[in-house]
Amino acid sequence: MTKSPADTAYQVPEFKIPKDVEDDLLAYEEGDYFLPVLEDDLLEISNDLSSVASLRTPTEYAEELTASLAGNYPENRHPKNAQSIVYEIIEELTQFPPDIARDAVKTVKRTVKSFPTIADVCTIGDRLVARRCALREAIDAVLEEYERREEREEREKKDKARREEWLAEQEEIKAEEEKQRRDEYKERCKVEIEGLEVAAIQHFGDTIEPGMLWKIVQHLMFFSKWDEDRITKAVHAIFRR
């Protein structure tokens, strides 16, 4: 009995990917906003694909596949040069990865009614390889897009951090300038108040204690939200009383 590929002891390295995921990847176009596969899943698919892409079908397994293929057609319908075709098919199958060779043979058995030619096998095998190459390109394109987005996100984070740092520095400068302005104003105000206080003591007598007016102004400056114009008006109002 002819041994089928399923009966062989050779374990075919498998590359498995859900059909819908493969279709989504092949439909991806650069610039698409939605990426078809999560990055971690895509990396796993990429690694699995890389592990089988460089493999070639062992001659023994190619012989088993070809024997199964030839056995699919009645001997009385074999061409005269069937043996020569078989040898050439074996040679061609060894150029494909094992799972591609297996799937090519399965497809030929389902679709080719008469004893297959080398062209039948190679055409289907090449079509499967082309689809896999297209899948490889799509995976690389999506991974590159993930990388571009990560780089852009990192740049945006750095830009945001720089902006926040600049704003913080500006706030510090503004606070320092405000402190310096208030200190200078305090000194000017103190000199003015001291003069007003002397005049007030002379005018009102002992009811105005030394330093009283300055304490009032300090309170207005540091324990309220009064601005300078309001404080100045208050000082003069006190003096006029």
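1. Is Arg 148 buried, partly exposed or exposed? In this predicted model, Arg 148 has a relative accessible area of 32% and is therefore partly exposed, since the partly exposed class lies between 20% and 50%. Its salt-bridge partner is Glu 145, with the closest N and O atoms 2.6 Å apart, and Glu 145 is buried, at a relative accessible area of 9%. Both residues belong to helix H6, where they stand three residues apart, about one turn of the helix.

2. The structure holds 14 salt bridges, and another of them joins Arg 132 to Asp 99, again with 2.6 Å between the closest N and O atoms. Because Arg 132 lies in helix H6 (residues 118–204) and Asp 99 in helix H5 (residues 98–111), this pair ties together parts that are 33 residues apart in sequence. Arg 132 counts as buried at 14% relative accessibility, and Asp 99 counts as buried at 2%.

3. In helix H1, Asp 23 and Lys 19 lie four residues apart, about one turn of the helix, and their side chains meet in a salt bridge of 2.9 Å, N to O. Asp 23 is partly exposed, with a relative accessible area of 31%, whereas Lys 19 is exposed, with 53%. These two residues also belong to a network of salt bridges that links Lys 19, Glu 22, Asp 23 and Arg 131.

4. As for the aromatic residues, the count comes to three aromatic pairs. One of them is formed by Tyr 10 and Tyr 61, whose ring centres are 4.8 Å apart and whose planes stand at 40 degrees, so the pair is tilted. This pair links distant parts of the chain, since Tyr 10 sits in the segment before helix H1 (19–27) and Tyr 61 in helix H3 (residues 59–70), 51 residues apart. Tyr 10 counts as partly exposed at 28% relative accessibility, while Tyr 61 counts as buried at 2%.

5. Tyr 33 and Phe 34 form an edge-to-face aromatic pair, with 5.0 Å from centre to centre and 90 degrees between the planes. Tyr 33 is exposed, with a relative accessible area of 65%, and Phe 34 is likewise exposed, with 69%.

6. On the surface, a patch of negative charge gathers Asp 40, Asp 41, Glu 44 and Asp 48. Of this group, Asp 40 is found in helix H2 (residues 39–53) and is exposed, with a relative accessible area of 62%.

How values were computed:
Residues are numbered from 1 along each chain as its sequence is written. This is a predicted model: local features need pLDDT of at least 70, side-chain atom pairs count only at pLDDT 80 or more; totals for chains, interfaces and linings use all residues. Side-chain values use heavy atoms; hydrogens and water are left out. Patches are made of residues with over 30% relative accessible area and no salt bridge: like charges are joined within 9 Å, nonpolar side chains (Val, Leu, Ile, Met, Phe, Trp, Tyr) within 5 Å. Accessible areas come from the Shrake-Rupley method with a 1.4 Å probe; for residues, only the protein chains shown count as cover. A salt bridge is a side-chain nitrogen of Lys or Arg within 4 Å of a carboxyl oxygen of Asp or Glu. Lys and Arg count as positive and Asp and Glu as negative; His and the chain ends are not counted. The place of a charge is taken as NZ of Lys, CZ of Arg, CG of Asp or CD of Glu. Helices (H or I, at least four residues) and strands (E, at least two) are DSSP runs, numbered from the N terminus. Buried means under 20% relative accessible area, exposed over 50%, partly exposed in between (1.4 Å probe, protein chains only). Rings of Phe, Tyr and Trp (its six-membered ring) pair if their centres lie within 6.5 Å; planes under 30 degrees apart count as stacked, over 60 as edge-to-face and the rest as tilted.
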